[in-house]
Structures are given as structure tokens and as C-alpha cells.
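Please take a moment with the sequence and the structure shown here before reading on. The paragraphs below lead from the whole chain to a single residue.

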Amino acid sequence: MIQPITHYGIHFGLPLLVALICFKSYWEKAFIIMLLGFLIDIDHLLATPIFSPNRCSINFHPLHNYYAIAVYIVLLVPKKTRIIGLGLVIHIIADTIDCYLMSY
């Protein structure tokens, strides 16, 4: 029960917290953009089965591999892509913690 609460808590709660703290004047827009980080889960459609509750996404799906993660981190640097990068990195953090919790 702790795994899904933690996973989705990070997916929704952390972007909201970051938006409220770091982007006060336009937090709603920043929050929505960060939530768009969910779009990288489109790569799950390439897997068979599409959803497997015991599968770690990190380095399994193309948009969750280490090269893609490096790109997401680079997106944090330019101001124009920072919010997008934050959404993607937060998504990867949530999935990484999910993988860690799967091992217990």
C-alpha cells in the first residue's frame, strides 16, 4: 500500500510543491507543465505486457533509459526548458523510488 501512495504522491505532490515554492507568480502553469512529464509514459505502449506491476521502468522503457534521463537533467539548465526538465526529472525520481520499493 505504501508503494502506490509514495509513487503517485511524488508524481502529483512534488510538482505542486515545486511550483508553489519556485514559481509563485505562475504556479498553476508551472504545475501543469510539470505534470506533462507523465507523457514519457507513452513508451509503456511498446512493452509486452503494457503494464506489469513488478517491472521497474528505469532503463527498461526507451524514455526511461539512462541516456534519456541525461537529456532530462540537461533540460534543467536553460531557463526556457527548466520547468519541462523539472517535470521529467520528478517523474524519473518517482519511478526510481518505485523501483526501490519494489525490491522490498
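What follows goes through the overall fold, then the surface and charges, and then one histidine.

The model shown is a predicted one, and in it the protein has four helices and zero strands, so that the order of elements, read from the N terminus, is α-α-α-α. Along the principal axes, the C-alpha atoms take up a box of roughly 40 × 30 × 20 Å. The radius of gyration is 14 Å, and because a compact globule with 104 residues would have a value near 13 Å, the protein agrees with that expectation. When contacts between residues at least 6 apart in sequence are considered, 50% of them join residues that lie at least 24 apart.

Turning to the surface, 35% of the 104 residues count as buried, while the accessible surface comes to about 6,700 Å², with 74% of this area belonging to carbon and sulfur atoms. The protein carries 6 positive and 5 negative charges, and the mean positions of these two groups are 16 Å apart.

Where in the chain does His-64 lie? His-64 is placed in the loop that runs between α2 (27–35) and α3 (66–74). His-64 counts as buried because its relative accessibility is 0%, and buried here means under 20%. Leaving aside neighbours within four places in sequence, the residues in contact with His-64 include Ile-40, Asp-41, Asp-43 and His-44, as well as Ser-57, Ile-58 and Asn-59. Further along the chain, the contacts of His-64 include Ile-69, His-91, Ile-92 and Asp-95.

Conventions
Residues numbered from 1 in each chain as written. Predicted model: local features only at pLDDT ≥ 70, side-chain atom pairs only at ≥ 80, totals over all residues. Heavy atoms only, no water. Helix = DSSP H or I, 4+ residues; strand = E, 2+ residues; numbered from the N terminus. Rg over C-alpha atoms; globule rule 2.2 N^0.38 Å. Buried < 20%, exposed > 50% of the residue type's maximum accessible area, 1.4 Å probe, protein only. Contact = heavy atoms within 4.5 Å. Areas by Shrake-Rupley, 256 points an atom, 1.4 Å probe, with all protein chains shown as cover. Lys, Arg positive; Asp, Glu negative; His and termini not counted. Charge placed at Lys NZ, Arg CZ, Asp CG, Glu CD.
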